[in-house]
Amino acid sequence: MFTRLTAISLIFFSLAANLSSLFLFAGYELNRDYIAEEFCVNKDKPQLHCNGKCYLMKKLKQAEEKEQKQEKQEQKMLVQEALVPLRIVFKRYLVSERHFYIPAGTDLPKSDPVSVFHPPPAAA
């Protein structure tokens, strides 16, 4: 139940962020008369037939500027994350000494007989 509620709320919030201009248009259409009476800049010029569209345009412009500002902040954060140098750690590896011995009668060196790394014996 909790996961379903979380998923639905995340979907709603992501859609709300992407469709903010649609919500502004819907709010304008629902409250057109109130906006025209209270917030319209051109109330004294009825020949323009503004009916609150000036208020709508101002709100759309504010929403666009806010979105651009958020986008710039996100880009700035991405650039800052990309420019953070990572600490480079050099590990010291010790190479163990390998002792070779040359058996009598051959001229080729062979590895230490007690060495762990050797091929398996051939099956006869």
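This is a stop-by-stop tour of the structure, with a selection to make at each stop.

**Before you zoom in**

Keep in mind that you are looking at a predicted model. Colour by secondary structure to begin: there are 4 helices and 2 strands. Following the sequence from its start, you meet them in the pattern α-α-α-α-β-β.

Now switch on the surface. The accessible surface of the chain is about 12,200 Å², and carbon and sulfur atoms account for 62% of that. The chain has 124 residues, and 8% of them count as buried. As for contacts with a separation of 6 or more, 23% are between residues 24 or more positions apart.

**Stop 1: the core**

Select Tyr-28, Ile-35, Tyr-55, Leu-56 and Leu-60, and show their side chains. These 5 residues are the largest nonpolar core. Helix α4, residues 53–83, gives the largest share of this core, with 3 residues. As background, nonpolar side chains in soluble globular proteins tend to be buried together.

Stay with Leu-56 for a moment. Which residues is Leu-56 in contact with, leaving aside its neighbours within four places in sequence? Add Leu-24 and Phe-25 to your selection, and keep Tyr-28 on display: those three are the contacts.

**Stop 2: the aromatic cluster**

Next, select Tyr-34, Phe-39 and Tyr-55, which form one aromatic cluster. The count of aromatic pairs comes to 2, so take them in turn, remembering that a pair of rings is described by the distance of the centres and the angle of the planes.

Begin with Tyr-34 and Phe-39. Their ring centres are 5.8 Å apart and the planes make an angle of 85°, an edge-to-face pair. Tyr-34 is partly exposed, at 48% relative accessible area, and Phe-39 is partly exposed too, at 37%.

Now look at Phe-39 together with Tyr-55. Is this pair stacked or edge-to-face? With planes at 15° and ring centres 4.8 Å apart, the pair is stacked, because planes under 30 degrees apart count that way. This pair links distant parts of the chain: Phe-39 is in the loop between α3 (32–38) and α4, while Tyr-55 is in helix α4, 16 residues apart.

Tyr-55 should look familiar, as it is one of the core residues from the previous stop. Its relative accessible area is 17%, so Tyr-55 is buried, the limit being under 20%.

**Stop 3: along the loop between α3 and α4**

Pick Val-41, which is in the loop between α3 and α4. Buried or exposed? Val-41 is exposed, with 56% relative accessible area, because anything over 50% counts as exposed. Try a distance label from its C-alpha atom to that of Tyr-55: the two are separated by 7.4 Å, for residues 14 apart along the chain.

Then move to Asn-51, also placed in the loop between α3 and α4. Check the backbone here: phi of Asn-51 is near 50°, a positive value in a residue other than glycine. Asn-51 is partly exposed, with 43% relative accessibility.

**Stop 4: the salt bridge**

How many salt bridges does the structure hold? There is 1, and you can find it by selecting Arg-32 and Glu-29. The closest N and O atoms of this salt bridge are 2.3 Å apart. Both partners are partly exposed: Arg-32 has a relative accessible area of 35%, and Glu-29 has 46%.

**Stop 5: a nonpolar patch on the surface**

For the last stop, bring the surface back and colour Ile-11, Leu-15, Leu-19, Leu-22 and Phe-23. Together they make a nonpolar surface patch of about 470 Å². Helices α1 (2–18) and α2 (20–30) each supply at least two residues of the patch.

Where is Leu-19? Leu-19 lies in the loop between α1 and α2. This leucine is partly exposed, with a relative accessible area of 35%.

Note on methods
Residues are numbered from 1 along each chain as its sequence is written. This is a predicted model: local features need pLDDT of at least 70, side-chain atom pairs count only at pLDDT 80 or more; totals for chains, interfaces and linings use all residues. Side-chain values use heavy atoms; hydrogens and water are left out. A nonpolar core is a set of buried Ala, Val, Leu, Ile, Met, Phe, Trp, Tyr and Cys residues joined through side-chain atoms within 4.5 Å. Buried means under 20% relative accessible area, exposed over 50%, partly exposed in between (1.4 Å probe, protein chains only). Contact means heavy atoms within 4.5 Å. Rings of Phe, Tyr and Trp (its six-membered ring) pair if their centres lie within 6.5 Å; planes under 30 degrees apart count as stacked, over 60 as edge-to-face and the rest as tilted. Patches are made of residues with over 30% relative accessible area and no salt bridge: like charges are joined within 9 Å, nonpolar side chains (Val, Leu, Ile, Met, Phe, Trp, Tyr) within 5 Å. Accessible areas come from the Shrake-Rupley method with a 1.4 Å probe; for residues, only the protein chains shown count as cover. A salt bridge is a side-chain nitrogen of Lys or Arg within 4 Å of a carboxyl oxygen of Asp or Glu.
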